[in-house]
Amino acid sequence: MKRPTKLKKILIIDFGSQFTQLIARRIREIGVFSEIVSHKGLNKLDQKELFGVILSGGPLNVYQDKKIKFDKNIFNFTCPILGICFGHQMISKFYGGKVKSSKTREFGFASIKKIKNSLLTKNFFNKKNTNDVWMSHADHVTKIPRNFKKIASTKDSKFTIIENFKLKRFGVQFHPEVTHTIKGKILLKNFVFKICKAKKNWSPQHQKNTLINNVKNQVGKKKVICALSGGVDSSVVAQLLNKSIGKQLKCIFVNTGLLRKNEEKQVIKTFKKKLRIDLIYINAEKQFLKKLKNVSDPERKRKIIGNLFIKIFEKYAKKIKNVEFLAQGTLYPDLIESKSVTGSQTSKIKSHHNVGGLPKKMKLKLVEPLRLLFKDEVRKLGLELKLSKQIISRHPFPGPGLAIRMPGTITKEKIKILKEADDYFISELKKENLYDKIWQAYAALLPVKTVGVMGDNRTYEYICLLRAITSSDGMTADYFDFTKKFMQNVSNKIINNIQGINRVVYDVTSKPPSTIELE
Ligand code: XMP
């Protein structure tokens with residue numbers, strides 16, 4: 001197996017800041033490859049692969065030497081280094097400055113004032129030589145190292161931007177990576193292009209070519225299977241592999257019977273007919289319904305669906321001869337260690353079922369071509385690979401499908417009602433140009449019947465719950481604020497057209513305290 005092509009990059013050393021991923025995204029947005037490594041994992045760094053280094057912020061104090069297991073050898077590198085917040089304090093301390101806990105914490109906006117010209121801040125300040133920046137720190141630099149210059153300051157921190165131009169060391173106390181910092185991206189661009197002299201090497205087209213080559217090198221002449229769900233990630237993986245290895249790819253698509261209306265037809269039409277991918281379609285509707293009969297516990301539903309999915313997938317995968325690889329849509333955020341520097345971990349709320357990552361027992365090697373990409377990059381790559389906008393901009397859909405949008409027991413009748421209701425809701429969102437403004441939307445069917453009146457008759461039917469949220473990553477979410485007219489229209493359409501629903505409610509909870517799905 002050949003080694004994947006290595007791209008020269010801006011390396012981001014993570015000290016546990018909540019904004020570290022944002023730094024990487026900003027650098028990539030300006031067209032240069034960037035990667036994040038933990039401050040504990042600097043052993044195999046090759047300076048030749050780096051345009052420059054950024055030290056992130058973090059919750060520690062620079063004097064907590066035992067906790068900061070950080071190879072200070074990085075400061076012997078000749079490439080430029082920019083410290084942000086905690087990183088700025090690290091640079092100051094390392095070169096002989098002083099850092100102290102401030103009397104007043106600076107959190108939120110601060111007005112910064114220019115003191116000296118710098119290449120780092122070219123076009124960063126306004127005409128009055130000030131700018132609004134976003135701060136989030138308790139400690140601050142009280143004395144800068146010898147041979148460093150003060151470039152800018154705020155009322156509460158004297159050394160907000162510092163530099164030693166000869167050494168190519170720079171520090172900023174604020175966060176240029178967050179959108180609240182005005183012209184933060186200009187400062188990062190100055191660092192990347194003017195100071196590190198980086199060349200643009202990261203665009204959807206670059207990614208496409210590099211990833212296609214990498215897959216070819218990794219797979220050679222061997223066969224790859226891919227579990228296709230019709231979602232964005234697995235669709236992009238399938239198409240990327242299709243472009244890289246063509247006939248050596250075999251996709252398996254399992255219809256659980258819990259998909260959105262007409263989803264299986266769309267997947268077959270796109271992947272089998274249009275893209276000519278070798279697709280095995282398995283209609284396992286009956287099997288799933290049988291196993292789920294009378295099951296109402298959310299975790300049991302999830303486990304049953306996950307396990308049956310593996311069983312079916314394995315059965316068909318084994319029939320394909322000489323398969324050596326399994327393709328998965330793992331993304332970059334999945335790989336970055338979720339544990340923060342302080343060791344805190346989030347607790348398990350729900351056991352997620354994902355089509356990727358399941359058949360561990362099959363001893364297949366993994367192909368994870370999207371492992372270096374963020375979700376928005378995957379979408380752009382998908383467009384570059386000529387996947388339709390309709391596939392690329394689809395809202396996320398959970399592995400267990402409609403089963404977790406139907407609290408209580410699952411029946412064929414309920415699935416039919418729910419598919420219709422969801423389809424009416426989503427169609428209206430598209431018609432009113434709201435679909436792309438919403439991160440995820442769906443209809444659910446509540447296991448309660450209530451009384452209604454239609455014409456002169458009494459009805460006794462289910463409640464349909466609508467959920468639409470805005471979010472950036474699904475970790476937190478807020479409900480979408482529809483107009484009364486839109487809500488009324490959707491509610492009327494659902495009730496007038498679907499037998500079995502006589503009441504529509506809208507979920508106005510955020511996440512937390514609720515989750516996006518109902519189960
Ligand atoms: P929650 O309900 O945890 O959902 O707030 C967050 C996001 O994850 C999706 N989700 C899943 N995706 N398998 C998946 O592939 C799952 O088991 C699963 N459960 C929830 C959910 O749709 C939302 O986008």
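Two strands pair if DSSP finds at least two bridges between them. On that basis, this predicted model holds an open sheet of nine strands with mixed pairing. The protein chain is divided into three parts: domain 1 (9-195), domain 2 (204-392) and domain 3 (406-506). Average pLDDT for the protein chain is 91.

**Confidence**
- A pLDDT of at least 70 is reached by 94% of the residues.
- Residues 337-348 are a weak stretch, with pLDDT under 50 throughout.
- For residues 337-348 the model has seven contacts beyond four places in sequence.

**Domains**
- The centres of domain 1 and domain 3 are separated by 48 Å, taken over C-alpha atoms.

**The nine-stranded sheet**
- Strand order is E2-E1-E3-E4-E9-E8-E7-E5-E6.
- Strand E2 (34-38) and strand E6 (130-143) each have a single partner strand, so they stand at the edges and one side of each is left without a neighbour in the sheet.
- From one strand to the next, the twist averages 25 degrees.
- Within the sheet, strand E8 (residues 161-164) pairs with strand E9 (residues 169-172) in the antiparallel sense.
- Four bridges make up the pairing of E8 and E9.
- Glu 163 has Phe 170, in E9, as its bridge partner.

**Helices**
- Helix H2 (residues 86-94) lies across six strands of the model: E3 (50-55), E4 (81-84), E5 (98-114), E6, E8 and E9.
- Relative to E4, helix H2 runs at about 120 degrees.
- Helix H1 spans residues 20-29.
- Buried residues in H1 are Thr 20, Ile 23, Ala 24, Arg 26, Ile 27 and Arg 28.
- Two arginines, Arg 26 and Arg 28, are thus on the buried list of H1.
- Gly 31 follows H1 and has a positive phi, near 100 degrees.

**Cysteines**
- A disulfide requires a pair of cysteine sulfur atoms within 2.5 Å, and the count by this rule is zero.
- Cys 85 is in no disulfide: the nearest cysteine sulfur belongs to Cys 196 and is 20 Å away.
- Buried means under 20% relative accessible area, and Cys 85 counts as buried because its relative accessibility is 5%.
- Cys 196 is in no disulfide either; its nearest cysteine sulfur, that of Cys 79, is 7.1 Å away.
- With a relative accessible area of 9%, Cys 196 is buried.

Terms used: Residues are numbered from 1 along each chain as its sequence is written. This is a predicted model: local features need pLDDT of at least 70, side-chain atom pairs count only at pLDDT 80 or more; totals for chains, interfaces and linings use all residues. Side-chain values use heavy atoms; hydrogens and water are left out. pLDDT is the predictor's confidence in each residue, from 0 to 100. Contact means heavy atoms within 4.5 Å. Axes are lines fitted to C-alpha atoms, for helices over the stretch in contact, and angles run from 0 to 180 degrees between N-to-C directions. Buried means under 20% relative accessible area, exposed over 50%, partly exposed in between (1.4 Å probe, protein chains only). Domain bounds come from an automatic or database domain assignment.
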